[in-house]
Amino acid sequence: MMRIKEKTREQLLKEINQLRNKIAKQTSTQGEKNLLKQQKISDKILETSSALIIGLDKNHLIRIFNSGAENITGYKKKDVIGKDWFDIFFPDEMLDEMNKVWENVWGVTSHSYVNLILSKTGEEKVISWQSTGIYEGRNDKNHLLISMGEDITKRKQAEAELMNSENNLHNLIENLMDGVAIADENSKHIYVNSRFSEITGYSKNELLNMTGWDFTRQEDRAKLKQKMKDRMAGKQVDTHYERVLLKKDGTEVPVEMSTTVTNWQGQQRPMAIIHDITEQKNTKEKLEKYHNHLEEIVKQRTADIENQSKRLEESQQALTFLLEDVNDARKELEKANQQLIAANIDMESFTYSVSHDLRAPLRAILGFSKKFTDSYGKLIDKEGKRLLNVINDNTKKMGMLIDDLLDFSRMGRAGMHKVKVDIKGLVHETWNDQKNQFNNRKIELTIKELPMVNGDRNMLRQVLYNLLSNAAKFSKNKKISKIEVGFEEGSSETIYYVKDNGVGFDMKYKDKLFQVFQRLHSDREFMGTGVGLAIVHKVINRHGGKVWARSTINRGATIYFSLPK
């Protein structure tokens, strides 16, 4: 059997048209033989092609329906030949549109278009068509329309998904708190987000006609050019660094810049992420000034003590007492100073040092801050007093954080004493412990029937306390806060839940919800330490259960936890 090579739709249609025109012109006996041979070749081309090939007459009745058409539509040739193409493959609401298409393609030599058809199972298929007319007679009237179709359904779906993905990425970048700029091979911007426009003071249209050099100080250019040369030479260079940008009004803004290469519209492009650190710089400068001021006070105090010791040299006993006082004062001052330095330098490692021993330094900081205010309050300006208040407030907050972290640690180390626990009674108990702090709010608490479970009562009490507290906290902006506690029966576990009508959260952050220090809202919106749900996770995990959440933004959240039966 001869093998017909796969050809393009245009080539096939052209060959079919040529063969059929030749067939129409054959009149002799030898011509009839050639006609039959060419007819077989034409039919072979139709049947062996994987493309969808159909032939329609003027009344759009199906005259040709190849195996490719059978594979794509699910219909058999014998079931559709002689039937109306429109009635079988298009829904009623598309008939008017298809009649208009038919007016455009009937009588035209060649035409390309894309439309939807329905398969035998009712599935919509997107088909790309190439149509040609077969002509006969002197008047060149079109008597059969041959259309070859390619199923591009998956390609269209992929294009739609890609466009949706690109739109989501664009929206994410546009709403970042940091500036983003993407450039072409000539360093000219091809994309900037709104935050970058805010940082530089230029409009987006202005930025798209600029390069990174337009924001670079003259004294920085040589260094940046060398960095670019090193990168082009394949050398290792810093991709995260600080620099200064020139704004439109001529002022300078300090930024942290991270550079990378990203795929933008199918090409690798350099991208910069710009974080404005003006506020951090100002805060650091203020802290340094305050620290220097404290050092001056310490030096002055030390000098005063030394002067007193000199004046009391004649009295050995007085000198002894004075030296003891001076030594004690120096030790206390050095201790307080070291604590302040450690708090600044080791801020990140502070969390890992949480233990019972940290309570004493916190009390010392509060005590010395009060002593310092009482002794030197008149010498401190308004900014200094504000900074002292910041120290006191943050020390108290740190105390709360330590308490939460100690609870978190204790929940991981404490031994478990499993008993039969009345969960419904425990809900009432934990709510009664905290409801007084919500006296000025309307809260509707619904407690459904809850089965008993085996577990550590004290640990499960902490779980319910934290979940009820969270539900009340995050629904505080509602006129009436609604909290519901219920359960669902599983095959080998009991699933409890606490539901509220609060602000909810974006489910793409659900994996962070139960991690230590991971908060989805700022302190200004809702106070907290980011440890409560981590404690819930740890306790339930120790009981052999699971914790998860479901939520919609501004429509509340539901926290679930399962416990083995």
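**Notebook: cores and cavities**

I started with the largest nonpolar core, which has 36 residues. Ile423, Val427, Leu460, Leu467, Ile540 and Phe561 have the most contacts inside this core. Note to self: this is a predicted model.

Next I looked up which elements build the core. At least two residues each come from α15 (423–434), α16 (457–474) and α17 (532–542) on the helix side, and from β14 (480–489), β15 (493–500), β16 (547–551) and β17 (557–564) on the strand side. The top contributor is α16, with eight residues.

I then picked Val427 and skipped its neighbours within four places in sequence. That left Ile447, Leu450, Leu464, Leu468 and Val485 in contact with Val427.

There is also another core, apart from the largest one. I noted 24 residues for this other core, with Tyr75, Tyr113, Trp129 and Leu145 among them.

On to empty space. How many cavities of 30 Å³ or more does the whole structure hold? My search of the whole structure turned up two. I put the volume of the largest cavity at about 90 Å³.

I listed 14 residues lining the largest cavity, and Leu56, Trp85, Met98, Trp102 and Tyr113 are the closest to its centre. So Tyr113 shows up twice in my notes: in the 24-residue core and in this lining, by the cut-offs used for cores and cavities.

The elements giving two or more residues to this lining are β1 (52–56), α5 (85–89), α6 (95–105), β3 (110–118) and β5 (141–151). Of these, α6 gives the most, with four residues.

Last check, the classes: I count 12 nonpolar and two polar residues in the lining of the largest cavity, and no charged ones.

Conventions. Residues are numbered from 1 along each chain as its sequence is written. This is a predicted model: local features need pLDDT of at least 70, side-chain atom pairs count only at pLDDT 80 or more; totals for chains, interfaces and linings use all residues. Side-chain values use heavy atoms; hydrogens and water are left out. A nonpolar core is a set of buried Ala, Val, Leu, Ile, Met, Phe, Trp, Tyr and Cys residues joined through side-chain atoms within 4.5 Å. Buried means under 20% relative accessible area, exposed over 50%, partly exposed in between (1.4 Å probe, protein chains only). Contact means heavy atoms within 4.5 Å. On a 1 Å grid over the protein atoms alone, a cavity is a set of points where a 1.4 Å probe fits but cannot get out, and a pocket is an open set with protein on both sides within 12 Å along at least five of seven lines; lining residues have an atom within 4 Å of a point. Grid points are joined across faces, edges and corners, and a volume is the space filled by probe spheres set on the points. Ala, Val, Leu, Ile, Met, Phe, Trp, Tyr, Cys and Pro count as nonpolar, Asp, Glu, Lys and Arg as charged, and the others, Gly among them, as polar.
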